[in-house]
Structures are given as C-alpha cells and as structure tokens.
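This report covers one sheet and a few charged residues. The structure is shown below.

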Amino acid sequence: MAQALHDIVQAGARAEKIAGGLQFTEGPVFSRIGFLLFSDIPANRIMKYALPPGRQPELTVFRENSNAANGLTFDHQGRLLTCEGKPGRVTRTEKDGKITVLAEQPLQRPNDLVYAIDGCIYFSDLPAGIVYYINRKGELKVATKEIAGPNGITLSPNQLILYVADSKQKEIRAFDIAGDGSISNGRAVADVRADGIKTDEEGNLYAASAGGIWVFTPQGKHLGTIDTAEPPSNCNWGSGFRGLYITARTSVYYVQTKLPGTRTY
C-alpha cells in the first residue's frame, strides 16, 4: 500500500503537456483500442488524441455539436457514454455513430459519470444537487440528494463503494453500493474541493483540485499532489489503465504512474 507520493509516481515527476490551444478541457477517457477522448466544452466538441504506431500523435475532432459534452466514459462494449449539458441528458454513441439517449428529463446539466461492471451507470447532476443512476433495466433512479454540489464520480476497485466529489462542501464522500445498484451510508472520506476523481487498484483516490492532482489513501490521508501547470478539471487512466491523463484548462497532460487504475469498462 502506498505510504507516500513517490509510491504513486517517481519523485519529482511532473505532468507532461501533450496537447494545447484548446478552450476548456474535461472528461478524459482512453479507449481500449488506443486513443484518448476528451471534451472541449466551450468549443462544443469532443476531441480525439490518437497515438499511431511509429507516427506523431494526432489531435482531431471526434464529434462536433456535442451539446456541451462534459464527462465521458465507455461501457463494456466500448461504446462512448457522455454527459451532455445542453440539453441535459446522458447519451451512448453506438458503434455506427448514432446517438442513443439513455436519460434526459428531469436532468439539468449532467456533469460526470462512471460505468459499473454490472451495467449500472452513475452520474452527477451538479446544479440539481442529485446523483442519479441508470440501472441494468435502463431505468433512471435517484441515488442520493444529500450532496450539495455533486461533481466528479468514481468507483472503488471492488466496485462496492461509490465516491462522489462534493465541490460545495469541499469533500469527497463515499457510499456503499447494494446489489440493486442503490447506495447508502454516505460519509466523508477526504477533505478537498475536487472536480474529477478516480481510484487506482489499491483504492487510492486521485482528485483534480487546486495545484494539481491530489492523491489520498483510502482512509483519506493526503499523500501529496501531482503538479500541473494549469488548474486541472479531471483525470483518467491511459492504455491498460496505466498512466494518468489530465485535462487542465486549455491543455491535456500525462504522467506515468507506478500503480494501475481501477478498471471500470
């Protein structure tokens, strides 16, 4: 188990800028077939950062008119799941490119989401102060209304705990997940005003916050912060759920990690 930040990344490691000149980046997610997607919210598009073997990286537009897409993830079939802000809805991009709406009314502005291995999709609706989930039957359910500013959302390695960043109360809260996908027993586990959050295979929490990516043990001890040149909005794991991609204002960064991330798709 990690005892210090150098157990997570090499001592003195800084995130390397891999893409810039964007407007406001969010929602990074790495496809199993070898490319990164992320949202550029004001530009109303989803971007694709590809790493062709033996060639220079390529930054292209994956989807125009993204409806103010924010949080992104994949399901177990590799289909893109998206939180869209205008109108407020959660969608799935099918293999043929068609968009399927998974949830819409009464959503206001879905922010971030995570896909559970049992097929449930959990997502935050920040202005509504609600965390929702879409169960295995495709039904939209309220998970909790007890979080003032639900923002980033992620799962523990065993997928028995849901973590939600409360950006208004400046804490990360944990909930136990029941067999039907519902959650209970909310409690604070880390004191930080976080945006996007993720976990690694040892259960450590990674929180995009002031100054970089704050790293906490599962018990909430702050191990240190991975510095970024711009304030980060979110982070996610790279190829094979190793290495960390970080969206930060006008850019995207990458830092190699010693521990692999939690597999959620």
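## A four-stranded sheet and three charged residues

In this predicted model, four strands form an open sheet in the order β10-β11-β12-β13, and their pairing is antiparallel. The edges are taken by β10 (110-115) and β13 (140-144); each has a single partner strand, so one side of each has no neighbour in the sheet. On average, neighbouring strands of this sheet are turned by 30° against each other, direction ignored.

Within the sheet, strand β11 (residues 121-125) pairs with strand β12 (residues 130-134) in the antiparallel sense, over five bridges. In this pairing, Ile 121 of the sheet stands opposite Ile 134 in β12.

Lys 145 is located in the loop between β13 and β14 (150-155). Its relative accessible area is 61%, and it is therefore exposed, the cut-off being over 50%. Apart from neighbours within four places in sequence, Lys 145 is in contact with Gly 129 and Ile 130; Ile 130 belongs to the range given for β12. Between the C-alpha atoms of Lys 145 and Leu 126, which are 19 residues apart along the chain, the separation is 11 Å.

Lys 198 is part of strand β18 (residues 197-199). Is this lysine buried or exposed? Lys 198 is buried, yet it has no salt bridge. Asp 112 offers the nearest side chain of opposite charge, 4.4 Å away; a salt bridge requires a nitrogen-to-oxygen distance within 4 Å, so this pair does not count as one. The side chain of Lys 198 does reach the backbone oxygen of Cys 235, at 3.0 Å. With neighbours within four places in sequence left aside, the contacts of Lys 198 include Asp 112, Thr 154, Tyr 206, Cys 235 and Trp 237. Also among them are Asn 204, Leu 205, Asn 234 and Asn 236.

Arg 92 lies in strand β8 (residues 88-93). Its side chain and that of Glu 94 are joined by a polar contact of 2.9 Å. When residues up to four places away in sequence are not counted, Arg 92 touches Asp 75, Arg 79, Leu 80, Leu 81, Lys 98, Ile 99, Thr 100 and Leu 102.

The distances given for the side chains of Lys 198 and Arg 92 are listed here.

| Residue | Partner | Distance |
|---|---|---|
| Lys 198 side chain | Asp 112 side chain | 4.4 Å |
| Lys 198 side chain | Cys 235 backbone oxygen | 3.0 Å |
| Arg 92 side chain | Glu 94 side chain | 2.9 Å |

Technical notes:
Residues are numbered from 1 along each chain as its sequence is written. This is a predicted model: local features need pLDDT of at least 70, side-chain atom pairs count only at pLDDT 80 or more; totals for chains, interfaces and linings use all residues. Side-chain values use heavy atoms; hydrogens and water are left out. Two strands pair if DSSP finds at least two bridges between them. Helices (H or I, at least four residues) and strands (E, at least two) are DSSP runs, numbered from the N terminus. Axes are lines fitted to C-alpha atoms, for helices over the stretch in contact, and angles run from 0 to 180 degrees between N-to-C directions. Buried means under 20% relative accessible area, exposed over 50%, partly exposed in between (1.4 Å probe, protein chains only). Lys and Arg count as positive and Asp and Glu as negative; His and the chain ends are not counted. A polar contact is a pair of N or O atoms within 3.5 Å; within protein, one must be able to donate a hydrogen and the other to accept it, and residues adjacent in sequence count only if both atoms are side-chain atoms. Contact means heavy atoms within 4.5 Å.
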